[in-house]
Amino acid sequence: GRGGVRGADAAFLGGVCRGVEAEPGLIPVASSRTVSGGVEGGARLGVSARGLWGPFRGTVFGVRVFHPGADSCRDRDVKSVYNRRENVKRRECGRRVIQVGGCGFAPLVCSALGGVAPQAHAFHRRVAELVAERAD
C-alpha cells in the first residue's frame, strides 16, 4: 500500500538527498485566510527531501496508490486513470505545499499492480541517475 511505497521512496532518497523525511507534517495556517488545497494543518504527506531536482531545492512528494480494478477506474484506459490521479493529488495538496511549505510538490501515483504515472516515473529515473553518479 501507500505506506510501503512511501517507505521505499524515502529509503531511495536517503542515499542521494538531504533532509529526507517520511510523512512530513504541514505547518498549520495561522491566519484567518483560508489556503485552498485540501490539506488541513497537521496533515501528513508522503516524503520530503532537498536536492533531487537541484542542490538546494526542496520537494514534497505526495504518494497515492490505486487499484486499476476499482469501480472508479472501470471503462477508462490506464493512461487517463494515471493522469486523473496525478491531477487530483496536485489539486488536493500541491497548492498548499507550495504556499505554506515554500517548496515544490510532485505527486507519486502508483498502481497496486506495479505501474507508475509519468511524474512517479520521472522521480524514479532521477533517483537512479543520482545513485549512478554517486557510484562513479
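In the predicted model, Arg18 stands opposite Arg50 of strand β2. Strands β1 and β2 run antiparallel and are joined by three bridges. Helix α3, residues 118-135, packs on the sheet and touches β3 and β4. The direction of α3 makes about 105° with that of β4.

The sheet itself is open and has four strands. Their order is β1-β2-β3-β4, and the pairing is mixed. Strands β1 (18-22) and β4 (104-111) form the edges, each pairing on one side only. From one strand to the next, the twist averages 15°. Strands of a sheet pair through backbone hydrogen bonds, in either a parallel or an antiparallel manner.

Strand β2 covers residues 47-50 and includes Ser48. Ser48 counts as buried because its relative accessibility is 12%, and the cut-off for buried is under 20%. Several residues beyond four places in sequence are in contact with Ser48. Among them are Gly19, Val20 and Glu21. Pro24 also contacts Ser48, as do Thr59 and Val60. Val60 is, in addition, the bridge partner of Ser48 in β3.

The pairing of β2 with β3 is antiparallel and rests on four bridges. Strand β3 spans residues 58-66. This strand is mostly covered, with eight of its nine residues buried. Toward β4 the arrangement is parallel, and eight bridges join β3 to β4. Val60 takes part here too, standing opposite Phe105 in β4. Val60 thus faces Ser48 as a bridge partner and Phe105 as the residue opposite in β4.

Helix α2 comprises residues 78-101 and lies across β3 and β4. The helix runs at about 150° to β4. Together, β3, α2 and β4 make a β-α-β unit, which is right-handed. Strands β3 and β4 are therefore touched by α3 and crossed by α2, and β3 has eight of nine residues buried.

Conventions. Residues numbered from 1 in each chain as written. Predicted model: local features only at pLDDT ≥ 70, side-chain atom pairs only at ≥ 80, totals over all residues. Heavy atoms only, no water. Helix = DSSP H or I, 4+ residues; strand = E, 2+ residues; numbered from the N terminus. Buried < 20%, exposed > 50% of the residue type's maximum accessible area, 1.4 Å probe, protein only. Contact = heavy atoms within 4.5 Å. Pairing = 2+ DSSP bridges. Axes fitted to C-alpha atoms, helices over the stretch in contact; angles between N-to-C directions. Right-handed = clockwise from strand over helix to strand, strands pointing away.
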